[in-house]
Amino acid sequence: MDHARVKALKGGKTTSRKAIKSGRASGNITPKSSPMASLLTSPTHSTAHSRAASDDSDDGDSDLEVDMISSVHSASSVTETTDENGSVTLDTNALLENIQDHKRNNNTTREEFLEAFIKVIRTKYSPETHLWLDDAATELTDAFLRGANRAESPRERLLNLQAFCVTVGCVEELEIYEGAHTTLKQVLVDDDDDECRVWAIYGLSMAVLYGGGVEEAALEIMEYFIDIIQTDGDSIEAQDNVAIVAAALAGWSFVASHVDDYSEYAEAAMDSFVDQLDSSNIQIQSNAARCIALTFESSRSHEEDTGKPFQLPYDPQKLAGRLNEIAKMSSKSVSRKDRRELRDNLLSVVTSLERGLGPFYSEARYVPEPGQTVAADQMTADGDYEYGYRYRLRLGGRMALVDSWSLYCRVLMMKTLFRNGLEKHVLVNPIVTECLDDADWSINYGNN
């Protein structure tokens, strides 16, 4: 997997939250102005205006369609101001001052400032964003990490973690990993909120890849996640915590999708994934199956490059049979929708293991329309055509098929970070562009 994004793999312990929780001061004075109004600045070359708008990071029409991905919806709203070109400029000094001011601002107010920042990054991103974000990024990420580790409310800690992730997901050449990974690992052990711990895992994944971590650090983080998976969360004092284990699987697959050679670590990783297929939680089962498919795909790529596959003591055909059996099983405690989603995910992995294909390849036959272009690898031996890859990204009049597990894992993480604002980033944001650099946008809607 020789992708340009691999260039991102470049070359004091904080106080425990449990120890300081009783000593936190949240303050009780709140600024009279709204957080968004306090942060927005108007460029001198443009005319600014204000309007109320819903937070379209999670709902509303989106130019980017991600087939087979459901969206998370929110009803939050804030006041926005944009210039004549639609660009939003934030005062990062005001942001830093307000999210760190525990004397004048209470935690609710600090949360509102963080929400305003995240909303702008997700839904109002443009090339001009870098004019005010890049120079402040290191200071911002430091402040977000402090808030993630020390804020009083779970909501404020969570928003700091999300703000950290989206910032790392926008700014090139950040060098914050060395300090960040210590704090994020501490959050994973100390925090008692599952959602915060999940986003700490996402933060580790982003920081090691796009925050200045070297390739050895990426492999170490993959091992760290495997420890969490193998121990069912016990290695970070989260025994049998399904949310944490599922997030560790997702984090592992995202980091692994950036690493060319993890052959020395593949066998132990596969053992943990296969064990998690016995989980009673469908998200863990789906994520574990995805990690299995990615590992075999990485092995095939490694064999193409070096002539040697990974040494995996598992027969892909036998694993496919096991996954088929799991897909047929049902539980009355799981909704019909969840059972169908699990079945679709597992059967996608089955096809991948049996035929060496990427995710969500449909073997259903069809007759092409006259003049329709069909890929040669969709033609069967008897001259029929298969639908082929059904997971795709759509943007404007273009479409990109997601035809590898590596790309699929990266799309899922970008979708998690930017939600329905991803269309603002996918072809413009340098980090997202690099992350999804092997997505081929040359396909026209009319050809499929």
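In the predicted model, Glu363 and Arg355 form a salt bridge in which the closest N and O atoms are 2.8 Å apart. Both partners are partly exposed: Glu363 has a relative accessible area of 37%, and Arg355 one of 36%.

This bridge belongs to a wider set, for the count comes to 10 salt bridges. Another of them joins the side chains of Glu156 and Arg110, with a distance of 2.7 Å from N to O. Glu156 is part of helix H7 (residues 154–168) and Arg110 is part of helix H4 (residues 107–123), so this contact ties together parts of the chain that are 46 residues apart in sequence. Buried means under 20% relative accessible area. Glu156, at 2%, is therefore buried, and Arg110, at 1%, is buried as well.

Helix H7 also supplies a residue to a further salt bridge, in which the side chains of Arg157 and Asp191 meet at 2.7 Å, N to O. Here, too, distant parts of the chain are linked: Arg157 lies in H7, whereas Asp191 lies in the loop between helix H8 (177–190) and helix H9 (194–210), and the two residues are 34 apart. Arg157 counts as buried, with a relative accessibility of 2%. Asp191 is likewise buried, its relative accessible area being 2%. Salt bridges in this model are not limited to separate pairs, since Glu97, Asp101 and Arg104 are linked in a network of them.

Charged side chains also gather without forming such links. A patch of negative charge on the surface is made up of Asp134, Asp135, Glu172 and Glu173. Within this group, Glu173 is located in the loop between H7 and H8. Its relative accessible area is 70%, and Glu173 is thus classed as exposed.

For the protein chain as a whole, 17 helices and 10 strands are found. The chain has 448 residues, of which 54% count as buried. Its accessible surface comes to about 19800 Å², and 46% of this area belongs to carbon and sulfur atoms.

Among the strands, E8 (residues 392–395) is covered on both faces. Arg392 and Arg394 are on one side of E8, Leu393 and Leu395 are on the other, and all four are buried. Strand E8 pairs with strand E9 (residues 398–401) in the antiparallel sense, over four bridges. In this pairing, Leu395 stands opposite Arg398 of E9. The two strands form a hairpin with two residues between them, and in this hairpin Gly396 takes a positive phi near 60°.

A contact between distant points of the sequence is also found at Ser257. This residue is in the loop between helix H11 (242–256) and helix H12 (263–276). Ser257 is buried, with a relative accessible area of 0%. Ser257 and Ser406 are 149 residues apart in sequence, yet the distance between them in space is 4.7 Å, C-alpha to C-alpha.

Definitions and conventions
Residues numbered from 1 in each chain as written. Predicted model: local features only at pLDDT ≥ 70, side-chain atom pairs only at ≥ 80, totals over all residues. Heavy atoms only, no water. Salt bridge = Lys/Arg side-chain N within 4 Å of Asp/Glu carboxyl O. Buried < 20%, exposed > 50% of the residue type's maximum accessible area, 1.4 Å probe, protein only. Patch = residues over 30% accessible without salt bridge, like charges linked within 9 Å, V, L, I, M, F, W, Y side chains within 5 Å. Areas by Shrake-Rupley, 256 points an atom, 1.4 Å probe, with all protein chains shown as cover. Lys, Arg positive; Asp, Glu negative; His and termini not counted. Charge placed at Lys NZ, Arg CZ, Asp CG, Glu CD. Pairing = 2+ DSSP bridges.
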